[in-house]
Amino acid sequence: MLEAEVPENYICSINSLNISLDDRRRFKESFLENYKWVFNCKFCHRKNIVFDSMITVSIVTYKTNLEELSRCLQSLTSSLISQIYVIDNSHQQYIADFCQQYANVEYIGSDNVGYGAGHNQALRQVLDSDKKYHLVLNSDVYFEPSVLEKICRYMDENSDVGQLIPNTIYPNG
């Protein structure tokens with residue numbers, strides 16, 4: 001089972017960038033029917049699978065604590081991650097300065113356009129790339145970097161799945 005630690009009402013998702021809107025609509029109902037199966041599946045453990053940097057990430061912040069952001073970014077050390085976009089809806093210099101210490105983090109200072117619109121700023125850049133998946137993440141989410149390989153393997157082996165939301169577990173279990 002995939003695990004990520006998040007506060008209540010927060011969502012961590014990974015979206016396939018190569019599925020059409022029609023396919024997303026078509027699978028909407030079946031996704032809800034298969035919800036528990038998708039999150040609790042046993043992943044196929046094929047050997048010798050090579051994953052390139054295939055994931056981009058967007059994190060929307062607003063006056064975010066740097067310790068929290070640092071812990072989140074430490075979860076993203078997998079070689080699967082090619083680019084991380086930190087969209088700062090508070091446009092704070094301390095967050096911009098913090099992001100400069102990471103080679104694959106791009107800081108986007110923004111007016112407070114909202115959570116979804118913040119992620120859309122990164123997605124506009126990602127859609128022109130050759131990356132296969134995009135991870136929408138909150139800054140207070142952290143997980144073992146090895147989880148990403150399991151997610152990619154599942155998404156690759158299940159081309160009819162357009163979005164995956166891992167089971168989330170609070171730090172206290």
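**Reasoning from cut-offs in a predicted model**

Q: Where does N89 lie in this predicted model?
A: N89 lies in the loop that runs between β3 (81–88) and α4 (93–99).

Q: Why is N89 called buried?
A: Its relative accessible area is 5%. Buried means under 20%. N89 is therefore buried.

Q: Which residues is N89 in contact with, leaving aside its neighbours within four places in sequence?
A: V60, T61 and Y62 are in contact with N89, and so are S110, D111, N112, V113, G114 and Y115. Each has heavy atoms within 4.5 Å of N89, since that is what contact means.

Q: Which residues of helix α3 are buried?
A: In α3 (residues 66–74) they are L69, S70, C72 and L73.

Q: What makes these buried residues line one face of α3?
A: Seen down the helix axis, they fall within an arc of 160°, so they line one face. The general geometry is this: an α-helix has 3.6 residues a turn, so residues three or four places apart point the same way.

Q: What covers the buried residues of α3, and which residues are exposed on the other side?
A: The cover includes β2 (55–61), β3, α4, β4 (105–109) and β5 (133–138). On the other side of α3, E67 and Q74 are exposed.

Q: What reaches the backbone nitrogen of E67 at the start of α3?
A: A side-chain oxygen of N65 does, to within 2.6 Å. The cut-off for a polar contact is 3.5 Å.

Q: How do you know that S58 is buried?
A: S58 is found in strand β2. Its relative accessibility is 0%. Buried means under 20%, so S58 counts as buried.

Q: Why is the pair S58 and H119 called a polar contact?
A: Their side chains meet at 2.6 Å. A polar contact needs N or O atoms within 3.5 Å, one able to donate a hydrogen and the other to accept it, so the pair qualifies.

Q: What else does S58 touch, not counting residues up to four places away in sequence?
A: The list includes Y85, I87, A122, H134, L135, V136 and L137. S58 and A122 are 64 residues apart in sequence, yet 6.2 Å apart in space, C-alpha to C-alpha.

Q: What makes R71 a charge over the ring of Y142?
A: The charged end of R71 sits over that ring, 3.4 Å from its centre. The distance cut-off is 6 Å.

Q: What is notable about phi of K63, and is K63 buried or exposed?
A: Phi of K63 is near 50°, a positive value in a residue other than glycine. K63 is found in the loop between β2 and α3. Its relative accessible area is 52%, and exposed means over 50%, so K63 is exposed.

Q: Why is H91 called partly exposed?
A: H91 has 49% relative accessibility. Buried is under 20% and exposed is over 50%; H91 lies in between, so it counts as partly exposed. H91 is found in the loop between β3 and α4. H91 also has a positive phi, about 50°, although it is not a glycine.

Q: Which elements have the lowest and the highest mean pLDDT?
A: Helix α2 (residues 35–40) has the lowest, 29, and α4 the highest, 98. Over residues 1–19 the pLDDT is below 50. Over residues 24–51 it stays under 50. The mean for the chain is 75, and 70% of its residues reach 70 or more.

Note on methods: Residues are numbered from 1 along each chain as its sequence is written. This is a predicted model: local features need pLDDT of at least 70, side-chain atom pairs count only at pLDDT 80 or more; totals for chains, interfaces and linings use all residues. Side-chain values use heavy atoms; hydrogens and water are left out. Helices (H or I, at least four residues) and strands (E, at least two) are DSSP runs, numbered from the N terminus. Buried means under 20% relative accessible area, exposed over 50%, partly exposed in between (1.4 Å probe, protein chains only). The arc is that of the directions from the helix axis to the C-beta atoms. A charge sits over a ring if NZ of Lys or CZ of Arg is within 6 Å of the ring centre and within 35 degrees of the ring normal. pLDDT is the predictor's confidence in each residue, from 0 to 100.
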